[in-house]
Structure formats: C-alpha cells, structure tokens
Amino acid sequence: MYGFAGWLSGESDVEDDRRKEHWDRVYREKEPTQTSWYQSDPALSLALIERAALDLNARIIDVGGGASVLVDRLLQRGFQQPSVLDISAQGLEKARARLPVNAAVDWIVSSITEFRPTVRYALWHDRALFHFLTDPLDRTRYLAVLREGLAPQGQLIVAAFAPDGPSRCSGLEVVRYDAEKLGRELGAEFQLLEEITETHITPSGLEQRFGYFRYIYQPAKGLE
Ligand SMILES: C[S@@+](CC[C@H](N)C(=O)[O-])C[C@H]1O[C@@H](n2cnc3c(N)ncnc32)[C@H](O)[C@@H]1O
C-alpha cells in the first residue's frame, strides 16, 4: 500500500521495502514460537482490552500483529471482526493458517506508515511495532494514520520496550519509552488511563522489560 509516505520523501518506500524483506525473512526462517517476542498467552494485552469495555461488534485493530495469537483470543472472546495489520505477509500467513478457514479476520498487509484506514477503530493495539520507528518522520506518519483510524473516544494500547529494556530487537534498533516520553510523542489528545510494566521472558529465557500504556483518544473539537 503506497500513499502519502512518498509525499515527504521518496526514500520511505525504499525503507519500507527493506523492512518488508527483513520481516518476511524472519517469519520464513523461524516458527512464531522461536521469535523473541512470542507469547503463548498475551494476558496483559487481553486484560487491558477487557478494561476498555468494548461491545463485541466494536472494531479492533492489532497493528504489527504478525503471527501473534492475540487475534485467536479475540475471536474466542466473541469479537466479530478483528483486524490485523502487518508489513509482513509471511507473518500474517502464519496466523491465518492456524485459524479456521472461515475466521472473520480482516488481514491487512501494509506498512503502518502507508496505511489508509477505511473505517474508524474503537481500539488500536500495538505491541512492539511503534518502538521500531527510530526515524521521527516515520513516527509522525504513524501518528497521522492513528488519528485518522482511531474513533474519537477510542482507546489505544501501546506496548514498547521500557527504558531498562533491550536497545535492539530482531537485529534492529528500537526506541525505548516510559509514559512521559510516549506521552510527548502522542500529544495531548491521548490521555493516559493506565500503565503497567511487564517482564517478558523470551523463548530462550532472557528477560525483557516492556511498558504497556492504555490511552483514550480525545481529539480537539473540529479535528474529529
Ligand atoms: C516484535 S514483532 C511483534 C509482533 C506482535 N505484535 C507480537 O506481540 O507478537 C514486530 C512486528 O511488527 C511488524 N512491523 C515492523 N515494522 C512494521 C511496519 N512499519 N508496519 C507494519 N508492521 C511492521 C513486524 O513484521 C512484526 O510482525
């Protein structure tokens, strides 16, 4: 999907091609259970989603969802049409292949920076995508897409490496966040409802500190 990324610089498409190659290779070469970010039970994400108190027909999107089992759990809980977006078709294919053929999931292959939402989501979940955006321009693009795609009064859940978490993941540099730093990126329209720190244990037994942040989106009047 190509849109306004080329608008500011022609280089973004090249960068997205590199990212896509990287992530497709990761998902081709590893089973989801072998990736450092694997969780058999995304319990904290599910608890935060539960606290958002959504109707089962509310639209939820998991951006950078890859092969995560979060979508399986959302379907089990009765959510009617969750969306999963990822730059890697290979990653999404791993998830799609394990679900029943008639699973009502909206699979979206796109870089988040290029995504043009056609609906407004009641909840936007991001575990470990935003922290890969080391270029401020990419973060600006992400936030523009987020504001376009999240319904006013919708909720945002972001999980990112904490300040005492790793500085790299999957061979790529990341930006680590606490609530203050993430709040500065998101701006005043996103009001923090809660934050929780989690120590994730990778399949090889390493500890990784994550921060989880839940916000409500309250755009200024006229910008809705
Ligand atoms: C560390 S993994 C996390 C996967 C999943 N959220 C989880 O918690 O299991 C990061 C994911 O973000 C995806 N990703 C990286 N950059 C992206 C981008 N610019 N747009 C969309 N997805 C991206 C990768 O393909 C990968 O699936």
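This briefing covers the ligand shell, helix α3 and a β-α-β unit. The structure is a predicted model, in which local features require pLDDT of at least 70, side-chain atom pairs count only at pLDDT 80 or more, and totals for chains, interfaces and linings use all residues. Residues are numbered from 1 along each chain as its sequence is written. Helices (DSSP H or I, at least four residues) and strands (E, at least two) are numbered from the N terminus.

**Ligand shell**
- The ligand is surrounded by 19 residues, each with its backbone-placed C-beta atom within 6 Å.
- The closest are Trp23, Gly64, Gly66, Ser68 and Arg127.
- The shell comprises 8 nonpolar, 8 polar and 3 charged residues, with Gly counted as polar.

**Helix α3**
- Ser45, Leu48 and Ile49 of α3 (residues 43–51) are buried (20 or more other C-beta atoms within 10 Å of a residue's own, against 12 or fewer for exposed).
- Viewed down the axis of α3, these buried residues fall within an arc of 100° and so line one face of the helix; the arc is that of the directions from the helix axis to the C-beta atoms.
- Ala43, Ala47 and Glu50 are exposed on the face turned away from the buried side.
- The buried residues pack against α4 (70–76), β4 (121–127), β5 (150–161) and β9 (207–217), where contact requires C-beta atoms within 7 Å.
- Ala53, which follows α3, has a positive phi near 50°.

**Strands β2 and β3**
- β2 (residues 83–86) pairs in the parallel sense with β3 (residues 106–109) over 4 bridges; pairing requires at least two DSSP bridges.
- Ser83 has Asp106 in β3 as its bridge partner.
- From β2 the chain passes through α5 (residues 89–98) to β3 in a right-handed crossover, meaning a clockwise path from the first strand over the helix to the second with the strands pointing away from the viewer.

Conventions:
Two residues are in contact if their C-beta atoms, placed from the backbone, lie within 7 Å.
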